[in-house]
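Got a helical protein model to poke at? Have a look below, then let's go through it question by question.

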Amino acid sequence: MARTILLDKLTGQPRTRAELADVLAEREIPDEVADHVLDRFTDVGLIDDAAFANAWVESRHRGRGLGKRALAQELRRRGVDDELARDALEELDPDQEEQTARELVRRKLRSMRSLDRQVAMRRLLGMLARKGYPGGLAMTIVKQELDASHEEFPLLDSSGLEPE
């Protein structure tokens with residue numbers, strides 16, 4: 001029964017060992033049976049938290065533009081061991097993370113043409129913070145992108161860029 005439950009859960013999408021253990025606990029599978037089946041699935045490669053973490057980081061960074069902090073929180077919520085999560089996050093190239101943040105800002109800027117520069121800055125910084133980018137990187141990118149699009153945000157000069 002435990003094998004069937006796990007195979008069913010793994011058919012739709014990859015899952016972490018912790019998520020699968022939770023499913024077995026909800027179905028009231030005895031702990032010793034659950035541990036045995038989970039160990040067996042891990043041994044044969046059907047459960048691989050390291051591979052899951054690497055794929056998750058790659059997918060969520062490219063697809064949703066999430067930064068390392070947000071990715072770490074998601075992995076933690078899904079039960080990935082901190083060391084495995086750290087290893088997966090180290091694979092994320094800092095230059096790629098910066099480029100992704102820059103693309104997010106550029107895309108969002110297109111819909112902000114009518115806003116005051118301060119308002120645009122606040123919203124852009126908030127967006128990057130929610131997506132898990134560090135404040136210093138976010139501030140640098142937002143300033144650079146606002147400066148590059150200064151004709152669209154003429155209300156304040158560069159002295160108005162400092163946060164309130």
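Q: Which residues are linked with Glu98 in a network of salt bridges?
A: A salt bridge here is a side-chain nitrogen of Lys or Arg within 4 Å of a carboxyl oxygen of Asp or Glu. This is a predicted model, so local features need pLDDT of at least 70 and side-chain atom pairs count only at pLDDT 80 or more, while totals for chains, interfaces and linings use all residues. Residues are numbered from 1 along each chain as its sequence is written, and side-chain values use heavy atoms, with hydrogens and water left out. The network joins Glu98 to Arg102, Arg106 and Glu145.

Q: How many residues apart in sequence are the parts tied together by glutamate 145 and arginine 106?
A: These two side chains meet in a salt bridge, at 2.9 Å from N to O. Helices are DSSP runs (H or I, at least four residues) numbered from the N terminus. Glutamate 145 sits in helix H9 (residues 135–148) and arginine 106 in helix H7, so the pair ties together parts separated by 39 residues.

Q: Is glutamate 145 buried or exposed?
A: Buried means under 20% relative accessible area, exposed means over 50%, and partly exposed is in between (1.4 Å probe, protein chains only). Its partner arginine 106 has 39% relative accessibility and counts as partly exposed. Glutamate 145 comes in at 7%, so the label is buried.

Q: Which residue forms a salt bridge with arginine 117?
A: Arginine 117 is buried, at 3% relative accessible area. Its partner is partly exposed, at 38%. The closest N and O atoms of the pair are 2.7 Å apart, and the partner is aspartate 147. The link runs from helix H8 (residues 117–130) to helix H9, over 30 residues, and the H9 end is aspartate 147.

Q: Where does the salt-bridge partner of arginine 17 lie?
A: Arginine 17 pairs with aspartate 39, with the closest N and O atoms 2.7 Å apart. The two are 22 residues apart, with arginine 17 in helix H2 and aspartate 39 in helix H3 (residues 31–43). Arginine 17 is partly exposed at 25% relative accessible area, and aspartate 39 is partly exposed at 37%. So the place to look for aspartate 39 is helix H3.

Q: How many salt bridges does the count come to?
A: Side chains of opposite charge can pair when their charged atoms come close. Arginine 17 with aspartate 39 is one such pair. By the 4 Å rule, the count comes to nine.

Q: What arc do the buried residues of H4 cover?
A: Helix H4 (residues 49–64) has 16 residues and reaches 21 Å from its first C-alpha to its last, close to the expected 22 Å (1.5 Å times one less than its number of residues). Its buried residues are Asp49, Phe52, Ala53, Trp56, Val57, Arg60 and His61. The arc is that of the directions from the helix axis to the C-beta atoms. They share one side of H4 because the arc is only 140°.

Q: Which helices do the buried residues of H4 pack against?
A: The face turned away from the buried side of H4 carries the exposed residues Arg62 and Gly63. For packing, contact means heavy atoms within 4.5 Å. The partners of the buried residues are helix H2 (17–26), helix H5 (68–77), helix H6 (82–90) and helix H7 (94–109).

Q: Which residue caps the N-terminal end of H4?
A: At the other end, H4 is followed by glycine 65, with a positive phi near 70°. At the N-terminal end, a side-chain oxygen lies 3.2 Å from the backbone nitrogen of alanine 50. That oxygen belongs to aspartate 48.

Q: Which residues of helix H1 (residues 2–12) are buried?
A: The face turned away from the buried side carries the exposed residues Thr4, Asp8, Thr11 and Gly12. Covering the buried residues are helices including H2 and H3. The buried residues of H1 are Ala2, Ile5, Leu6 and Leu10. Within an arc of 125°, so lining one face of the helix, are those buried residues of H1.

Q: What is phi of glutamate 28 near?
A: Most residues other than glycine have a negative phi. Glutamate 28 is found in the loop between H2 and H3, and at 71% relative accessibility it counts as exposed. Its phi is positive, near 60°.

Note on methods:
A polar contact is a pair of N or O atoms within 3.5 Å; within protein, one must be able to donate a hydrogen and the other to accept it, and residues adjacent in sequence count only if both atoms are side-chain atoms.
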